[in-house]
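Please consider how helices and aromatic rings are arranged in the structure shown here. The account below moves from helix packing to helix geometry and then to ring contacts.

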Amino acid sequence: MTQTQKNNESNGKRYWRSVEEFQGTRELDALIDQEFGSAAPPPTDGVSRRRWLQIMGASMAFGATLTGCRYPAEKMAPFAFRPAGRTPGMPETFSSMLEFGGFARPIVATSYDGRPIKLDGNPDHPDSGGGSDSFTQATILELYDPDRSRSSSRTGESGQVTVTWNEAVNNFKSLLTGSGVAILSEPVGSPTVRRLRGKLLASNSSAQWFEFTSVSADNSDAGSRMAFGSAFRPVYKLENARIVVTMDADPLGTDPASIRLTRDFMAGRDVDHGKMNRLYSIESDFSKTGAIADHRLPLRFKQIGSFLAALELLIDGTPGNLDSHLPYNEKVLAAIAEDLVANRGAGVVMVGNCQPAEVHARAFRINSKLGNIGKTVHLVKSTAGSDLSGVDQLKQLTKMISDGSVTTLVILGGNPVFYAPFDLDFGAALKTIKNSVHVSVYRDETSRECGWHLNAAHALESWGDGTSVDGSTIIAQPLIEPLFGGWSTIEFLAMLTGEADLSVADHIHDAEHVNDRHDEDASRQSHHGHIHIVGLATVQNTHPGSPGSDPNKAWQTAVRKGFIEGTVAALESPALLEMTLAADDGQWKTSWSSGDPELIFRPSGSIYDGRYANNGWLQELPDFITKLTWDNAALVGPATADTLGLEHGKIVNLKVAEYTISMPVYILPGMANGTICAWLGYGRSAAGRVAGDADYSIDSVGSDIRPLRTSGNWWSVPTVTVIPTSTSYTLASTQDHFRMDELGREEINRRMAPEGKMIREGNYTSYAEFLAKHPIDDHGPEHKHAEEEHGSDGHAAQWPEGRHLHFANFDLTSAGWKNDPVAYKWGMSIDLNKCTGCGSCVVACQAENNIPVVGKDQVNRGREMQWLRIDRYFITDEGDTDGANPAIARQPVTCQHCESAPCETVCPVAATTHSDEGLNDMIYNRCIGTRYCGNNCPYKVRRFNYYNFTDAQTFIKLPGADRLGKADLQLQSMVMNPEVTVRSRGVMEKCTFCVQRIQNTKILAKTEDNRKIHPNEIRTACQDACPSSAILFGDIQNPASDVAKAHHNPRAYSLLEELNIGPRTRYLARVRNPHPAIEPVSASVAAH
Amino acid sequence: MWDYNEQTRFEINLMATTVQTRIDNSIEDPSRRAPLITGGLDYDGVSDVVSDLAEMAKPPRIWYVLLAISASLTLILGALIGLLFFKGVGVWGNNAPVYWGWPIVNFVFWVGIGHAGTLISAILFLFRQHWRTGINRAAEAMTIFAVICAGMFPGIHIGRVWAFYWLFPIPSEHLSMWPNFRSPLLWDVFAVSTYFTVSLLFWYMGMVPDLATFRDRSTTRLRKFIYGILALGWTGSARHWHRYETAYTILAALATPLVLSVHTIVSFDFAVSIVPGWHTTIFPPYFVAGAIFSGFAMVITLLVPMRSIFNLKHIITVRHIENMNKIIMVTGLMVGTAYTIEFFIAWYSGNPFELFAFKNRSFGPFWWAYCIMFSCNVFVPQLYWFKRIRTSMIMSVVIGILVNVGMWFERFVIVMTLNRDYLPSSWSYFRPTWVDIMMLIGSFGLFMTLFLLFCRFLPVIAMSEVKGTITFQRNMAHAGGYADQH
């Protein structure tokens, strides 16, 4: 031990002097040995409390000053020398990066005492603007997942043998120089990996690098090769678009660029300031984009290309006036053509990744013809490493394996065994390779078929970089030392290519299995530090900085900001090639009425392609359209279901050739007739305790659709034999499905529209007229409109279609809460015009407020705990009992903090009371759980802990939770926000308007000369997460605050205001922008 | 032991010749008052008949069978309460919109049952309805036991049972604050506990002279000791009787408003909320009527078998049963009116949520429960228009049970109104778990266990009061009422 280390040790001891703590450490160590000792393969790397202290200390050091990373010996020092900007107990934020769908997402992580607990979008980068999505929000849970791989292993003669990374590097470094070498990765977005790839391939010309993943932009790349001769990636500038046409695309949903696209799309829909785009969505499933479209047209997968061909014909010819007698399909087609031609250079035709290349090519041609390229559609060079699609590359690799021409296979991340086309039987092929290694965070399906498994460090634990949607370079910095050891892919590649010197870590690895725990800890401590140095140096080598400037400073700026400025990809303007595409065959006009339907595959809105399957937050996040949790299902329209004899909640067998899959039926109105949609990612057998693990005999969550997803039928199966069964299956959804009793369905329609007042919507034409008379800036607290303008109700500043109720004469509430002279009145506004239902806020709330996951059985019992839910209503035309093409209304609902809250009066023990600033406070330790407040809440936003949901050990229903040891639970609890009480069983809870954030800001303001809180200073977790800024929070009596302005927006209304309970949350009515010549889908909604 | 053959005893004691016509005291003969007690028992006879139940060496075998069944159910109840405490409220079917489920249904049901006793003993006492004397003791006992069952459910239904005492206004440092006096649940705590206390006092005080009789007849030292303590030194002196009757009247006057207030306040749990379908002003009277309705049905269900098992047919006569059946019919009509008026008001109020709540109750997912409720509570009691049915013991029991099934479902329907309130997004269905079902059955076990023990060890008939009615009957005979009895 060096002198420095000794000093640090003594420093550390002085700080953690408490005897109990050290005793606790020893006990815990024993416990961890006991817990982790039972797992297979034998893990070597537990998480002890001492380890936690080290990790925290370390991450503080590198977090605070970047130079700290270079001096690992100083890791225990931070408490002796307080790092700049760090106050104990105060959270810090660091910028970093996550990769999703091949793109880097710039993020900002919040750390408490070196422990990251919350991820948000990086507000400085245009890809996020501060917004995020549910995947980003939930990744923090993945970091602390006890199912993460804890050690590296290889298959020896007598089962699994634990190995060190060094052994692996030594083994594969020599193998990689030989012949028969292949590397398989997901599409590479990281410039560093790309650089190392080049290096590796240069050093061994026979080596081959393959890229494959389950959801990729391959078809788009192929389409652009057809159209322009080489692969270009479209970057959509939706903020400039006036007409957006999506063809089986889901830019506001599962698209990897969805955060940016949502933000930009909503920027182009700023109705209050005269910006309003129009969205047409032609799709075969029911996507979030379809749900927000002004016109949605369900077409079968096969018909989409034919529709686009027809559209091109119409654009080429001059579209005439719309004939209102045309059938709906034709009318929509004509309207799109008319709009696109009228808005040359301001339209976008987007095609989804699942559609074949020709459709993409045609879309490029249309965009090019309309002059959209360079304006609304920017083209940048694609980063794809090969001209072949991922599926073709994998096919080639499998063939090479069976040929015997590949003997060494390095798989970097991904889970190809689970994602691969079924007909390739990649898993079996993989087994035949002697030297195969999978570098992965989880010991998943692929790892289990590989000779070696190396436990990778999590993205939040390692240095890295990536390419954002706009092509700029994003830098990832580690937020915590690897919990279970492990290296990043970059570090592994650096070692393999010889960029980093393995000997640096040698003596550390040798020391790793020394029995003396003390030494071991010390060695690990420095070992991880060295690894960080390797990762850091490798990434830094890729970005040397501009010549002449101080490279160190440039690097520090980049890490602080999270991205390197000025790296946005260059715009390309390639010339369009002559293409012969199939002519319009009129197929899009035909409607399916009988026969075998088609089957389409889509990534799940909750767990994407399965990579998030072991994430409880995401499994329990209700899919926006179906509200389904913990499952996938065969989504099928009501008419199709009737024709095929399918019933909701019954198992159906879908058969193609000799393969059959079984899954439950979910009847979803608005699905294209003759189409069945199934989500990817379910039915995993080696995901972990949440999603299923065959090794532990934990059942899979959902149904495995892979047998039907073959290389020929990658995104759709043209015909599938449907065999209905009478077996019932429990689908746990958080909202009633469409096929409820008629009484209920009629009532929902009535409450929503037309005379309903719960979700208010109107037409852009009338809103524009209204604003022309009363500019938005005029609307303030004092503003009144003349009586004759909007009827005789003594009119306040309301847009009539917002259908604000006027209860001036019936307002029985005391003037007290209205004219109360308090410092702040907290309130919220939610703009229904901006909400896409993405669910980012739901998961953000879960992460911020320590909300437990309850499991499928409890969701089925109606006991989900999310404080924030997004209500979804189907609105059907009168007489459309079939729900052929319903409109969808959405409404995020959380505690409305009523001025005279019904929940407060009925609580016998006064556990929920009103603060003078208008918060409806919940006092957990006073609550005895009579649940009367829950009954009396008209919004039903209160959530009750029916069991001890927080402690998964006593809550035995969560799959595999009974196998969680104490140390695992401790690990899981590391994700908890220390600012928020963890609730016990028998206690009611609900949205608090993030009271902890309010209080912290108040304390801050107090320490800063007792200043007043700035108008928009406090942001709630849901507000932070919202990619479209639909949620605003602040002081409603401060006219300078955004929320006060929103409350006086002419579209503002309160939900259930007729109950006279004075909710503090106001909704802003949605404005639809239908083509004037088409009756909107739901005439009753918009044509009021 | 003597033979209980009514007719024999009748002939021996009175040497009457019109036995057959007089035995049925339910026949209305305008020329004379029907006797309240048949069988021509004298004071000793009453004491003999009533005390015999407690004094006989071995009760009838059926008593053992019933006790075995109900005690087992009570044990199950206890075990399930243990499970509930161990695991949490989640063992029941309660969910997010239906935060209250069967426990509250059972609570309101049992409180309702607990109404008949005090009504019979207090209100009918004040109105000088002397026929009450035959049934009031058993009815009061039933009240006590029903309120015990009722009080249990809200106690255990809260999420953190170990903190149940926070509901009481205890001036303590630890709690450091009062409960919320605005909450109907708190009113409930006061109402039910007051009702229980007064009913218990009333029951016990009324029992003192009879307990003294038991004491005096005791043959063993243990019995003498226990009944001696319970009898509080009653000697039967004129001064005792004077004090006793004054106190009894005062307690009756105190208990009378409670009969009305308890269920009124229980109904406030619903009526004071803003849940559509709950927030109605008709709830207090409708709940009270329903409570009396179900209470009498339960009295009938218990007393008809009891009078036949323990041979009390001449004290609890057909006329008693018939009178109670008439009350059931009247209160059944009241309840039926309330059901109908609710619909009218839901429409007349112009409140769409309210209207839907009622439509949903009767035609929504719980339509079947509404059907059971309506037919059992409104249609079935209409059979009592027929005297043959009114005076048929078997039909009385059958209808009594049906009425209580209906009344349980009434509370079920009311609580289940929660399943669809304002925002359709939170609409849901409710499914009970096996724990729900077994706890309801277990509560019947507890109730029956207590009642069976009562039958065996305490005076089931208010002997002293019955004796009073015999005197009354004699005096009326002198006045010309019962010429042939004289």
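In this predicted model, helix H11 of chain B passes helix H12 of chain B in a left-handed crossing. H11(B) spans residues 283–309 and H12(B) residues 318–348; their axes come within 8 Å and cross at roughly 150°. Because angles over 145 degrees count as roughly antiparallel, H11(B) and H12(B) are roughly antiparallel to each other. The residues of this contact comprise 20 nonpolar, four polar and two charged.

Helix H12 of chain B also takes part in an aromatic contact. B:Tyr339, in H12(B), is paired with B:Phe374, which belongs to helix H14 (residues 367–379) of chain B, so the pair ties together parts that are 35 residues apart in sequence. The ring centres of B:Tyr339 and B:Phe374 are 5.6 Å apart, and with 40° between the planes the pair is tilted. Over all chains, the structure holds 74 aromatic pairs.

Chain B further contains helix H10, which covers residues 238–271. From its first C-alpha to its last, this helix of 34 residues reaches 49 Å, close to the 50 Å expected at 1.5 Å a residue. H10(B) nevertheless bends by about 25° at B:Leu258.

In chain A, helix H4 (residues 134–143) and helix H25 (residues 840–848) have axes that come within 8 Å and cross at roughly 25°. Since angles under 35 degrees count as roughly parallel, H4(A) and H25(A) are therefore roughly parallel to each other. Their crossing is left-handed.

Conventions. Residues numbered from 1 in each chain as written. Chains lettered and ligands numbered in written order. Predicted model: local features only at pLDDT ≥ 70, side-chain atom pairs only at ≥ 80, totals over all residues. Heavy atoms only, no water. Axes fitted to C-alpha atoms, helices over the stretch in contact; angles between N-to-C directions. Helix = DSSP H or I, 4+ residues; strand = E, 2+ residues; numbered from the N terminus. Parallel < 35°, antiparallel > 145°, perpendicular 65-115°, else oblique. Left-handed = near helix turned anticlockwise from the far one by under 90°. Nonpolar A, V, L, I, M, F, W, Y, C, P; charged D, E, K, R; others polar. Expected span 1.5 Å × (residues − 1). Bend = angle between axes of the 7 residues up to and from the residue. Phe/Tyr/Trp six-rings, centres within 6.5 Å; stacked < 30°, edge-to-face > 60°.
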